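Work through the exercises below with the model open beside you. Try each task before reading its solution.

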Amino acid sequence: VFGELVNPANQLLGTFFLLAAAALIFFSKPPQVELKGFLYAIIGGVLWGLYAFPTRFVSSTPLNYSLALGVGILLSSIVYARGFLSSSKENNLINFTAGLFWSVGNLSFFLAIAKSSLSTALPVTQWSIVIEVIAGIIIFKEAATRKEIAFILAAVASALVGVYFLANAVK
């Protein structure tokens with residue numbers, strides 16, 4: 001649509017590796033994993049990946065993306081308004097810090113789009129999964145067995161290969 005794709009083979013390979021990563025994550029857990037939660041994650045990932053697309057028709061300035069995110073934050077806050085602040089000052093400080101990380105990360109993402117392209121910036125920002133997966137395994141002990149850890153690490157490797165191909169499918 002925006003004339004950024006120059007290597008369809010890399011696009012296909014990148015998409016394949018990302019789908020393989022999703023399959024590995026799904027099969028890494030015991031059978032009692034709730035399919036509904038996995039489907040919500042896929043929907044969230046697809047919609048998060050699409051949110052920058054409509055604003056690119058207007059322009060690729062950080063301000064346009066900020067407006068889109070602001071609307072999303074407002075709607076999400078309305079939906080989750082009950083219990084927005086916890087009773088613990090420590091929890092509120094942790095949430096504020098996480099929000100600050102998220103805000104600076106998104107601003108960096110907007111600047112990356114403005115200075116490069118959407119189809120380069122979006123895949124490259126997905127390297128964040130490495131940090132999230134490591135935190136899930138080491139800090140939150142979300143993977144209990146060696147088999148789960150092996151599947152998850154294989155999924156991360158597959159996703160990173162996919163990101164590489166997608167980022168190199170553009171001008």
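The exercises cover one helix, a helix pair, the nonpolar cores and a few single residues.

The model is predicted: local features need pLDDT of at least 70, side-chain atom pairs count only at pLDDT 80 or more, and totals for chains, interfaces and linings use all residues. Residues are numbered from 1 along each chain as its sequence is written, and side-chain values use heavy atoms, with hydrogens and water left out.

**Exercise 1. Find the buried face of α1 and its packing partner.**

Step 1. Locate the helix. Helices are DSSP runs of H or I with at least four residues, numbered from the N terminus. Helix α1 spans residues 8-28, 21 residues in total.

Step 2. Check its span. The expected value is 1.5 Å times one less than the number of residues. From first C-alpha to last, α1 reaches 30 Å, close to the 30 Å expected.

Step 3. List the buried positions. Buried means under 20% relative accessible area, exposed over 50%, and partly exposed in between (1.4 Å probe, protein chains only). In α1, Asn10, Gly14, Ala21 and Ser28 are buried.

Step 4. Look down the axis. The buried residues fall within an arc of 55°, so they line one face of α1. The arc is taken from the directions between the helix axis and the C-beta atoms. An α-helix has 3.6 residues a turn, so residues three or four places apart point the same way.

Step 5. Turn to the opposite face. Pro8, Leu12, Phe16, Leu19 and Phe27 are exposed there, away from the buried side.

Step 6. Name the partner. The buried residues of α1 pack against α8 (146-167).

**Exercise 2. Place glycine 162 relative to α1.**

Step 1. Glycine 162 lies in helix α8. Its relative accessible area is 0%, so glycine 162 is buried.

Step 2. Contact means heavy atoms within 4.5 Å. Setting aside neighbours within four places in sequence, glycine 162 touches Gly14, Phe17 and Leu18.

Step 3. Compare sequence with space. Glycine 162 and leucine 13 are 149 residues apart along the chain, yet their C-alpha atoms are separated by 6.6 Å.

**Exercise 3. How do α7 and α8 run relative to each other?**

Step 1. Take the axes, which are lines fitted to C-alpha atoms over the stretch in contact; angles run from 0 to 180 degrees between N-to-C directions. The axes of α7 (residues 128-139) and α8 come within 10 Å and cross at roughly 175°.

Step 2. Classify the angle. Helix α7 is therefore roughly antiparallel to α8, a label for angles over 145 degrees.

Step 3. List the contact residues. Helix α7 brings Ile129, Val130, Val133 and Ile137, while α8 brings Ile149, Ile152, Leu153, Val156, Ala159 and Leu160.

**Exercise 4. Map the largest nonpolar core.**

Step 1. A nonpolar core is a set of buried Ala, Val, Leu, Ile, Met, Phe, Trp, Tyr and Cys residues joined through side-chain atoms within 4.5 Å. The largest has nine residues: Tyr51, Tyr65, Leu69, Phe109, Phe110, Ile113, Leu118, Ala121 and Leu122.

Step 2. Helices α4 (62-79), α5 (89-115) and α6 (118-125) each supply at least two of these residues.

Step 3. A second, separate core has six residues, including Ala143, Ile152, Val156 and Leu160.

**Exercise 5. Is lysine 141 buried or exposed?**

Step 1. Lysine 141 sits in the loop between α7 and α8.

Step 2. Its relative accessibility is 61%, so lysine 141 counts as exposed.

Step 3. Check the backbone. Lysine 141 has a positive phi of about 55° although it is not a glycine.

Notes. Helix = DSSP H or I, 4+ residues; strand = E, 2+ residues; numbered from the N terminus. Parallel < 35°, antiparallel > 145°, perpendicular 65-115°, else oblique.
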